[in-house]
Amino acid sequence: MRRRFTLADGDGGSYSLHADMPVAGGNLVIGTGGKLANHDADIFDPDNSVFFVNNFNDVSRDLYSVFGEWTGPLAESLQLEIGARYTRVEMDAGTVDGTPAQMMPAAQTLRDSFNNSDRARNDDNLDLAARLNYALNDDVSLLAGVARKTRSPSYQERYLWLPLQSTGGLADGNNYVGDIGLDPEVTHEIELGFDWRPGYAYFAPRLFYRHIDDYIQGTPATNAAVVMQSTMAGDPTPLQFSNVDARIYGLDAEWGAAADGALVSGRHRKLCAR
């Protein structure tokens, strides 16, 4: 009986610049890059011109990074790849409003709390990675790697002010609400595996373990206004994007073979998470 349309638009651009040069018997790549994006999304009822919700208003998420990567031999049959990347993430959002906030105390509380908060957030993220490759022979190589990787919150996770099914593709049927104060995820990862490449085929399995600090995950909302507003919208158990700790481990394998001049490939992943 009620129809909802969402008019969403975004604009953005990216740039990259890098140079590579021989250094210490290997190859060094240094460079810089960036990605700038703006997002807006408005919900409306085509049968009722009075109804509207500023789902996201004037949201910006800009990334600026510099990086360096060196690849070269440490000894006969032993190759090292090591790299680092620094990324500055700058995010902000405009004020919001909506018909629910003009009629319902819970939605009004959420709107005013969001509009009165400091919505500008800056993250300084550092990624590090190192991988050793030892060639047993021309066809088989052993690999071992360690890494530190970071991920800043998406604009949905940080700026979703009203509990809605706006989850950036998750589509699990739950109402979610964001958290401006989310911290970036920090992942520490270990990877072991091998590559088998006899020329006509390849097989590349990997065992991995990841410990993630401040993993961003939906957890039961405890804010009374969020629960009240979501209950009126049909979901009495909304989730809020929150920072938790997580462990993910498993097996990831890729394979492929040449068939009549074409490469047939596949991938299998077995994950466990806590």
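1. Let us start at a charged pair. Arg-197 makes a salt bridge with Asp-195, and their closest N and O atoms are 4.0 Å apart. The two partners sit differently with respect to the surface: Asp-195 counts as buried because its relative accessibility is 12%, while Arg-197, at 45% relative accessibility, counts as partly exposed. Please keep in mind while reading that this is a predicted model.

2. A few positions along the chain you will meet Pro-198, in the loop between E8 and E9. Is Pro-198 buried or partly exposed? Its relative accessibility is 22%, so Pro-198 counts as partly exposed; the cut-off for buried is under 20%. Try finding Asp-139 from here: Pro-198 and Asp-139 are 59 residues apart along the chain, yet their C-alpha atoms are separated by 5.0 Å.

3. The loop that joins strand E8 (185-196) to strand E9 (201-220) also holds Tyr-200. With a relative accessible area of 53%, Tyr-200 is exposed, because the exposed class begins over 50%. Tyr-200 is also one of the residues in a nonpolar surface patch. Its other members are Tyr-134, Leu-136, Leu-142, Phe-194, Trp-196, Phe-203 and Trp-255. Together the patch residues have about 760 Å² of accessible area.

4. Strands E8 and E9 are also linked by charge. Glu-189 and Arg-210 form a salt bridge in which the closest N and O atoms are 3.4 Å apart. Glu-189 belongs to strand E8 and Arg-210 to strand E9, so this bridge ties together parts that lie 21 residues apart in sequence. Where does Glu-189 stand, buried or exposed? Glu-189 has a relative accessible area of 9% and is therefore buried.

5. Still in strand E9, have a look at Asp-214. Its phi is near 60 degrees, which is positive, and the residue is not a glycine. As background, a negative phi is what most residues other than glycine have. The relative accessible area of Asp-214 is 26%, so this residue is partly exposed.

6. A second backbone point of this kind is Asp-58. This residue is not a glycine either, but has a positive phi of about 50 degrees. You can find Asp-58 in strand E3, which covers residues 48-75.

7. How many salt bridges does the structure hold? The count is 14. One of them joins Asp-124 to Arg-88, with the closest N and O atoms 3.0 Å apart. This pair connects distant parts of the chain, since Asp-124 is in strand E5 (residues 121-135) and Arg-88 is in strand E4 (residues 78-92), 36 residues apart. Both ends are partly exposed: Asp-124 has a relative accessible area of 48%, and Arg-88 is at 25% relative accessibility. Which residues share a network of salt bridges with Arg-88? Glu-90 and Asp-124 are linked with Arg-88 in that network.

8. Next, a pair of helices. Helix H2 (residues 105-115) packs with helix H4 (residues 224-232) at an angle of about 130 degrees, and their axes are 8 Å apart. That angle makes H2 oblique to H4, because angles over 145 degrees would be needed for roughly antiparallel, and the roughly perpendicular range runs from 65 to 115. The handedness of the crossing between H2 and H4 is left-handed.

9. Just along from here is Ser-117, in the loop between H2 and E5. Ser-117 has a relative accessible area of 26% and so is partly exposed. Its C-alpha atom is separated by 43 Å from that of Leu-207, and the two residues are 90 residues apart along the chain.

10. One more pair gives a feel for the span of the model. Ala-257 is in strand E10 (residues 239-259) and is partly exposed, because its relative accessible area is 32%. What separates the C-alpha atoms of Ala-257 and Leu-110? The separation is 55 Å, for residues 147 apart along the chain.

How values were computed
Residues numbered from 1 in each chain as written. Predicted model: local features only at pLDDT ≥ 70, side-chain atom pairs only at ≥ 80, totals over all residues. Heavy atoms only, no water. Patch = residues over 30% accessible without salt bridge, like charges linked within 9 Å, V, L, I, M, F, W, Y side chains within 5 Å. Areas by Shrake-Rupley, 256 points an atom, 1.4 Å probe, with all protein chains shown as cover. Salt bridge = Lys/Arg side-chain N within 4 Å of Asp/Glu carboxyl O. Helix = DSSP H or I, 4+ residues; strand = E, 2+ residues; numbered from the N terminus. Buried < 20%, exposed > 50% of the residue type's maximum accessible area, 1.4 Å probe, protein only. Axes fitted to C-alpha atoms, helices over the stretch in contact; angles between N-to-C directions. Parallel < 35°, antiparallel > 145°, perpendicular 65-115°, else oblique. Left-handed = near helix turned anticlockwise from the far one by under 90°.
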